[in-house]
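Dear colleague,

Please find below the structure that I am handing over to you. My notes on what was found in it follow directly after.

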Amino acid sequence: MMPHHAISLIAENQKGILRDIGSVCAEHNANITSIQQEILTRGPDKGCAWADIEIEGGDEINAVLSELRLVSGIREVVLHDTFGEIFGKRVIIIGGGAQVAQVAMGAVNEADRHNIRGERISVDTIPLVGEENLARAVEAVGRLPRASILVLAGSLMGGEITTAIKSIQADGIPVICLKMAGSASDAADLVVTDPIQAGVMAVMHISTIGVFDIEKVKGKEF
């Protein structure tokens with residue numbers, strides 16, 4: 001496997017800085033696999049640009065770091081572990097507050113068992129109400145880095161939410177849905193009545209050491 005590195009940079013908020021960073025990576029045969037960027041709103045570097053890039057392949061990493069530090073406008077360059085190494089695969093839970101909390105309980109407890117054994121599985125949640133808000137959140141899961149599975153926790157979901165479910169399934173993200181009213185449960189890969197068990201099953205599916213596979217029970221209800 002090609003080496004994979006994460007580099008955090010702080011730079012002046014100026015035009016062309018990402019171009020210059022990309023050029024350095026390209027010159028050293030490194031491929032940028034992901035990038036996050038924002039303008040800092042607090043701290044000693046307030047107003048500066050922060051970027052976190054992950055690269056694969058390339059020349060000796062110290063050579064890449066040295067040349068990045070020479071780029072005009074860059075203040076700081078730090079090597080880190082990748083987010084995949086730190087946080088791993090992500091279980092995303094969206095829906096009503098009470099149901100989300102129960103699903104998260106099952107997912108966190110199960111993830112703890114796997115992470116003790118060396119895996120990296122993290123759990124992200126957001127309680128939301130309203131068809132439009134839920135549909136936008138579900139669709140956005142397909143754009144979240146390392147999102148591996150979605151659990152929908154609520155009492156009634158359908159319409160635009162169902163359309164969003166199908167869009168992320170097409171991107172390869174499986175969807176577990178609690179038993180509820182509406183068409184969302186018909187579109188889900190798996191329907192689970194118990195919210196705690198839904199969280200457990202979500203983690204077991206994306207685990208590298210688990211034996212549960214949604215594909216073998218796809219379309220069923222438990």
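How many of the nine residues of E3 are buried? The model is a predicted one, and in it eight of the nine residues of E3 are buried, so this strand is largely enclosed by the rest of the structure. Buried here means a relative accessible area under 20%.

The sheet

E3 belongs to an open sheet of four strands, ordered E2-E3-E1-E4, in which the pairing is antiparallel. E2 and strand E4 (74-80) form the edges; each has a single partner strand, so one side of each lacks a neighbour in the sheet. On average, neighbouring strands are turned by 20 degrees against each other, direction ignored. As a general point, the strands of a sheet pair through backbone hydrogen bonds, either parallel or antiparallel.

On one side, E3 is joined to E2 by nine bridges, and the two run antiparallel. Within this pairing, alanine 30 stands opposite glycine 57 in E3. E3 also pairs with strand E1 (residues 4-11), again in the antiparallel sense, over eight bridges. Here leucine 9 faces alanine 51 in E3, while serine 8 stands opposite aspartate 52 in E3.

The largest pocket

Two of these strands return in the description of the largest pocket, which holds about 160 Å³ of space. Strand E2 (30-39), strand E3 (49-57) and helix H3 (83-86) each supply at least two residues of its lining. E2 gives the most, with four residues. The lining includes Thr33, Ser34, Ile35 and Gln36, together with Asp52, Ile53 and Glu54. Phe83, Gly84, His4, Pro145 and Arg146 also line this pocket. By character, the lining residues divide into four nonpolar, five polar and three charged. Aspartate 52 thus appears twice in these notes: in the lining of the largest pocket, and opposite serine 8 in the sheet.

The aromatic pair

The structure holds one aromatic pair. Its members are phenylalanine 83 and phenylalanine 87, which are stacked at 6.3 Å centre to centre, with 25 degrees between the planes. Phenylalanine 83, also a lining residue of the largest pocket, is partly exposed, with a relative accessible area of 24%. Phenylalanine 87 counts as partly exposed as well, at 41% relative accessibility.

With kind regards

Definitions and conventions. Residues numbered from 1 in each chain as written. Predicted model: local features only at pLDDT ≥ 70, side-chain atom pairs only at ≥ 80, totals over all residues. Heavy atoms only, no water. 1 Å grid on protein atoms, 1.4 Å probe; cavity = no way out; pocket = protein on both sides within 12 Å on 5 of 7 lines; lining within 4 Å. Points joined across faces, edges and corners; volume = space filled by probe spheres on them. Nonpolar A, V, L, I, M, F, W, Y, C, P; charged D, E, K, R; others polar. Phe/Tyr/Trp six-rings, centres within 6.5 Å; stacked < 30°, edge-to-face > 60°. Buried < 20%, exposed > 50% of the residue type's maximum accessible area, 1.4 Å probe, protein only. Pairing = 2+ DSSP bridges. Axes fitted to C-alpha atoms, helices over the stretch in contact; angles between N-to-C directions.
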